[in-house]
Amino acid sequence: RHRGAAARGIVCGQPLRRQLVRQPTSTSTLAGEPAIAVLRWRDEQCAAALLARAFVDDPLVMVICNAPAAERQERMRWSFRIAVRSHCLGQQPAWLVVDSGGVPQGVVLATRSRLSVQPHSDTLFTLRGLGHVGLRTALHGFKAAQIIASHAPAEPFTYLRTLGVDPEYQLRGMGSQLVEQVIRASPPSLPHNSPGLGFSLP
């Protein structure tokens, strides 16, 4: 449903097509192949829906939200909407891999330490989102985030925070394309740290 809306330009097709940044990578050099687009906060609905589909059966997500799959996906969609909007308004880097029509197929969020940002807040949206997430799920998610944050690398760093590919497009190299984008765009002064990927690059 969300992919179809995006293809029609209803949710985020037009903004994404204007943002296409074709990089000289092994997976985005030919016309019609997936390309990298900068993720903007106004496109958080597309990104959040994609991440919710990608993570609906993730073991940690199932612990955070012990609900039937459809309900869990909807709650996590709102949770990701809050997270993606906050991430982008905080001017932290984020990208999508999109098809030739601008339809998102993968999302990556990266965090850079010591990044100078302008203060932003969207308190009303966050409160609205938490109402959809539910108090119990929100508390479990907050606790999980605290545990994850306690294992953050020492500064300075570029931290690969969240990476998800739509289940329909997994195992096609799109996750690798997004990881490559994070590495390529990272300032030389900030080492890359990618939890679960088995490497930390100087």
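Is helix H3 mostly covered or mostly uncovered, and how many of its 12 residues are buried? H3 is mostly covered, with 9 of its 12 residues buried. Buried means under 20% relative accessible area, exposed means over 50%, and partly exposed lies in between (1.4 Å probe, protein chains only).

This is a predicted model, in which local features need pLDDT of at least 70 and side-chain atom pairs count only at pLDDT 80 or more, while totals for chains, interfaces and linings use all residues. Residues are numbered from 1 along each chain as its sequence is written, and side-chain values use heavy atoms, with hydrogens and water left out.

## The chain as a whole

The protein chain has 8 helices and 7 strands. Helices (H or I, at least four residues) and strands (E, at least two) are DSSP runs, numbered from the N terminus. Of the 202 residues in the chain, 43% are buried. Contact means heavy atoms within 4.5 Å. Among contacts with a separation of 6 or more, 70% join residues 24 or more positions apart.

## Helices H3 and H5

The buried residues of H3 include Glu44, Cys46, Leu50, Leu51 and Arg53. H5 has its own buried set, including Met76, Trp78, Phe80, Val84 and Arg85.

Do the helix lengths agree or disagree with what their residue counts predict? The expected span of a helix is 1.5 Å times one less than its number of residues. The 12 residues of H3 should therefore span 16 Å, and its end C-alpha atoms are 16 Å apart, which agrees. The 21 residues of H5 should span 30 Å, and its end C-alpha atoms are 30 Å apart, which also agrees.

Arg85 sits in helix H5. Its relative accessible area is 13%, so Arg85 is buried. The Arg85 side chain makes a polar contact with the side chain of Glu44, at 2.8 Å. A polar contact is a pair of N or O atoms within 3.5 Å; within protein, one must be able to donate a hydrogen and the other to accept it, and residues adjacent in sequence count only if both atoms are side-chain atoms. Leaving aside residues up to four places away in sequence, Arg85 touches Trp41, Glu44, Asp122 and Phe125.

## The nonpolar cores

A nonpolar core is a set of buried Ala, Val, Leu, Ile, Met, Phe, Trp, Tyr and Cys residues joined through side-chain atoms within 4.5 Å. The largest one has 19 residues, and Leu39, Val84 and Val107 have the most contacts inside it. Helix H3 (44-55), helix H5 (69-89), strand S3 (94-98) and strand S4 (104-112) each supply at least two residues of this core. H3 gives the largest share, 5 residues. Another core, of 12 residues, lies apart from it and includes Ile36, Ala110, Tyr169 and Leu178.

Leu109 belongs to strand S4. Leu109 and Val84 are 25 residues apart in sequence and 8.0 Å apart in space, C-alpha to C-alpha. Not counting residues up to four places away in sequence, Leu109 touches Leu39, Val84 and His87, among others.

## Burial and loops

Here are four residues side by side.

| Residue | Place | Relative accessible area | Class |
|---|---|---|---|
| Leu109 | Strand S4 | 2% | Buried |
| Pro93 | Loop between H5 and S3 | 10% | Buried |
| Gln91 | Loop between H5 and S3 | 42% | Partly exposed |
| Leu171 | Loop between S5 and helix H8 (174-185) | 90% | Exposed |

Gln91 follows H5. Gln91 has a positive phi of about 65 degrees although it is not a glycine. Leu171, also a residue other than glycine, has a positive phi near 65 degrees. Pro93 and Arg112 are 19 residues apart in sequence, with their C-alpha atoms 7.8 Å apart in space.

## The largest pocket

Rolling a probe the size of a water molecule over the atoms shows where empty space is left. On a 1 Å grid over the protein atoms alone, a pocket is an open set of points where a 1.4 Å probe fits, with protein on both sides within 12 Å along at least five of seven lines; lining residues have an atom within 4 Å of a point. The largest pocket holds about 1,300 Å³ of space. Its lining has 36 residues, and the closest to its centre are Phe80, Ala145, Ile148, Arg161 and Thr162. Elements giving two or more residues to this lining include H5, S4 and helix H7 (135-150). H7 provides the largest share of the lining, 9 residues.

Terms used. Points joined across faces, edges and corners; volume = space filled by probe spheres on them.
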